[in-house]
Amino acid sequence: MSDKENTLDDEFLEDALLDSEDQEQKLENENEEEEKSVEETLNDELAKEKDKFLRLFAEFENYKRRTSKERMELFKTAGQEVIVSLLPVLDDFDRAIKELAKSDDKEAFKGVELINVKLRETLKNKGLEMLDVNAGDVFDADIHEAITQIPAPDKKMKGKVIDVIEKGFKLGDRIIRHPKVVVGN
């Protein structure tokens with residue numbers, strides 16, 4: 001072979017080698033891109049699942065906190081229905097004591113008064129408190145329930161409580177019966 005042919009063959013071989021190296025490089029790049037895209041896809045999916053998990057975990061924590069709070073509220077006011085049904089009995093005791101105070105039977109008065117005190121103390125231990133409302137207090141619509149309005153005896157009593165018809169009570173922080181009052185107009 002001549003030098004010219006050898007040079008051409010060498011050039012051809014070099015070109016062929018370069019082409020095959022380029023193709024190999026392209027294939028490697030494509031494989032890397034596929035691997036990266038698969039890896040990126042998996043990373044994206046992992047990030048989405050982590051986000052879902054964190055949201056679900058936060059939602060569950062909120063649920064636990066909410067149910068715990070509701071349970072505490074339930075314990076605080078567990079006997080509310082029973083206590084509310086006993087409020088008319090307290091009113092009757094007040095009326096009975098008022099009437100027995102007028103009579104001469106001091107023993108009956110003492111007995112009814114002892115029972116009244118015992119019942120009130122028991123209910124107080126369960127969280128029942130009487131709302132302190134007196135004639136002359138400023139009327140507050142959030143606390144008081146106005147039964148009627150009458151002309152005020154003097155200008156100082158305008159917008160104030162004239163008389164308390166029925167006592168109010170609260171259980172814990174909640175008012176379970178608003179005091180019924182007469183308001184000066």
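1. Let's start with the pocket. The largest one has a volume of about 230 Å³. Keep in mind while reading on that this is a predicted model. The residues lining the largest pocket are D91, D94, R95, K98, V164, I165, E166 and K167. Two elements each give two or more residues to that lining, namely helix α2 (80–102) and strand β3. Of these, α2 supplies the largest share, with 4 residues.

2. Now the overall layout. You'll find 3 helices and 6 strands in the protein chain. Going along the sequence, the pattern reads α-α-α-β-β-β-β-β-β, so to speak helices up front and strands after them. For contacts with a separation of 6 or more, 64% are between residues 24 or more positions apart.

3. On burial and surface: 16% of the 185 residues in the protein chain are buried. The accessible surface of the chain is about 14,800 Å², and carbon and sulfur atoms own 54% of that area.

4. Next, the sheet that includes the pocket strand β3. Here 3 strands make an open sheet, ordered β2-β6-β3, and the pairing is mixed. At the edges sit β2 (145–150) and β3 (161–166), each of which pairs on one side only. On average, neighbouring strands in this sheet are turned by 25° against each other, if you ignore direction.

5. How many bridges join β3 to β6? There are 4, and the two strands run antiparallel, with β6 covering residues 180–184. If you want a register check, look at V161, whose bridge partner in β6 is V183.

6. G184 is worth a click, since it also belongs to β6. Is G184 buried or exposed? With a relative accessibility of 4%, G184 falls under the 20% cut-off, and therefore it counts as buried. Setting aside neighbours within four places in sequence, G184 is in contact with I150, A152, M157, K158, G159, K160 and I162. Take I162 from that list: G184 and I162 are 22 residues apart in sequence, yet their C-alpha atoms are 5.9 Å apart in space.

7. V138 makes a nice counterpoint. This residue is in the loop between β1 and β2. V138 has a relative accessibility of 56%, which is over the 50% cut-off, so V138 counts as exposed. Leaving out residues up to four places away in sequence, V138 touches H144, G159 and K160. What is the C-alpha to C-alpha distance between V138 and G184? It comes to 9.9 Å, for a pair 46 residues apart in sequence.

8. On to the other sheet. It is open as well, with 3 strands in the order β1-β4-β5 and antiparallel pairing. Its edge strands are β1 (128–130) and β5, and each pairs on one side only. Neighbouring strands here are turned by 35° against each other on average, again with direction ignored.

9. Pairing details for that sheet. Between β1 and β4 there are 3 bridges in the antiparallel sense, and L128 stands opposite L171 in β4. Strands β4 (residues 169–171) and β5 (residues 174–177) are likewise antiparallel, over 3 bridges. K170 has I175 as its bridge partner in β5. The β4 and β5 pair forms a hairpin with 2 residues between the strands. Which residue in the turn has a positive phi? That would be G172, at about 70°.

10. Back to the helices. Besides its part in the pocket lining, α2 lies across β1, β4 and β5 and runs at about 50° to β5. So where does N116 sit? N116 is in helix α3 (residues 106–125). Its relative accessibility is 7%, which is under 20%, so N116 counts as buried. Apart from neighbours within four places in sequence, N116 is in contact with L90, F93, D94 and I97. D94 will be familiar from point 1, being one of the residues that line the largest pocket.

Terms used:
Residues numbered from 1 in each chain as written. Predicted model: local features only at pLDDT ≥ 70, side-chain atom pairs only at ≥ 80, totals over all residues. Heavy atoms only, no water. Pairing = 2+ DSSP bridges. Axes fitted to C-alpha atoms, helices over the stretch in contact; angles between N-to-C directions. Buried < 20%, exposed > 50% of the residue type's maximum accessible area, 1.4 Å probe, protein only. Contact = heavy atoms within 4.5 Å. Areas by Shrake-Rupley, 256 points an atom, 1.4 Å probe, with all protein chains shown as cover. 1 Å grid on protein atoms, 1.4 Å probe; cavity = no way out; pocket = protein on both sides within 12 Å on 5 of 7 lines; lining within 4 Å. Points joined across faces, edges and corners; volume = space filled by probe spheres on them.
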